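Me: Could you take a close look at one part of this model for me? I'd like to go residue by residue, with the contacts spelled out.

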Amino acid sequence: MLPKIQCLALSDNDFGDSFPFILVSITSLKVLDLCCCHLNSYVPIIPNLLDLDISCNDFEQAEYEQLWRRYHLKRMNFMSYVLELNNSTTNMSECSKYAWEWLGLSARGEIPKSLGRMSNLRELHMTYGIGGLFPEFLGNLRSLRVLDWSFNSLAGPLPTFHGKVTHVDLSLNNLNGSVLESLGRLRSLQVLNLSQNNFAGPIPHSLGTLPPLPFLPIN
């Protein structure tokens, strides 16, 4: 076996539905990419793993619910499968335990308030089916740098973002109201995409005081 390997990329293979359990014995493994491997069975805990990509597989809802509880990971990507968000998948009493700094998730339903307790999150990508009002808890995520909630059905006005955000993509939602003047105080902002929503009113002058943005669609 490879006793010192830390990063293993096995994407776009076919392991016959089952997780290759021999990987559990690689105790040095930190990063594991199993994207697009046709997996649909139990994924065991690999004790020292920090980064797991299991996007584009064939898991059932129950399997994704147990994957949701991998507290020790720093990066988890299970995009492409649409997870039904509910109280059982996102128990509020558990979410403060998570070490996750990067979360990629395709989900359906309303964003649970418990997500606001994941204080380590730096990047949050949730697409394709999230509805309800834009959550107020976003201000609790003080470490957040990148927010991609595009291609959803979020409604209501924009929230106030904290000053460390660098990328915001809220395109293709149902957001309304005005574009906030406070966006001009986000001095670290590099990308702002608010296209294909229902905003009205003038674009705030404060946006003109930001450093040049390479990407700013607000149509």
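Which backbone oxygen does the side chain of His162 reach at 3.2 Å? And once that's settled, please walk me through the surroundings and a few other spots.

Reply: Sure. Keep in mind that this is a predicted model. The backbone oxygen you're after belongs to Leu141, and the side chain of His162 gets to it at 3.2 Å. There's a second one too: the side chain of His162 also reaches the backbone oxygen of Leu144, this time at 3.0 Å.

As for where that histidine sits, His162 is in the loop that links β9 (153-156) to β10 (167-169). Is it buried or exposed? His162 is buried, because its relative accessibility is 9% and the cut-off for buried is under 20%. Leaving out residues up to four places away in sequence, His162 touches Leu141, Arg142, Leu144, Arg145 and Leu186. So Leu141 and Leu144 turn up in that contact list, and their backbone oxygens are what the side chain of His162 reaches, at 3.2 Å for Leu141 and 3.0 Å for Leu144.

Now for another histidine. His38 is in the loop between β2 and β3, and it is partly exposed, with a relative accessible area of 39%. The backbone is what deserves a look there: phi of His38 is near 65 degrees, a positive value in a residue that isn't glycine. Most residues other than glycine have a negative phi. Cys56 goes the positive way as well, with a phi of about 60 degrees, and it isn't a glycine either. You'll find Cys56 in the loop between β3 and α1 (61-67), partly exposed at a relative accessible area of 36%.

Back in the loop between β2 (31-33) and β3 (51-53), there's also Tyr42. Tyr42 is partly exposed, with a relative accessible area of 43%. Together with Phe21 and Ile45, Tyr42 makes a nonpolar surface patch of about 320 Å².

Last stop, the strands. β5 (residues 102-110) pairs with β6 (residues 123-127) in the parallel sense, over 5 bridges. For a landmark in that pairing, look at Ser106, which stands opposite Thr127 in β6. β5 also pairs with β7 (residues 130-133), again in the parallel sense, over 2 bridges. There, Gly109 stands opposite Ile130 in β7.

Key
Residues are numbered from 1 along each chain as its sequence is written. This is a predicted model: local features need pLDDT of at least 70, side-chain atom pairs count only at pLDDT 80 or more; totals for chains, interfaces and linings use all residues. Side-chain values use heavy atoms; hydrogens and water are left out. Helices (H or I, at least four residues) and strands (E, at least two) are DSSP runs, numbered from the N terminus. Buried means under 20% relative accessible area, exposed over 50%, partly exposed in between (1.4 Å probe, protein chains only). A polar contact is a pair of N or O atoms within 3.5 Å; within protein, one must be able to donate a hydrogen and the other to accept it, and residues adjacent in sequence count only if both atoms are side-chain atoms. Contact means heavy atoms within 4.5 Å. Patches are made of residues with over 30% relative accessible area and no salt bridge: like charges are joined within 9 Å, nonpolar side chains (Val, Leu, Ile, Met, Phe, Trp, Tyr) within 5 Å. Accessible areas come from the Shrake-Rupley method with a 1.4 Å probe; for residues, only the protein chains shown count as cover. A salt bridge is a side-chain nitrogen of Lys or Arg within 4 Å of a carboxyl oxygen of Asp or Glu. Two strands pair if DSSP finds at least two bridges between them.
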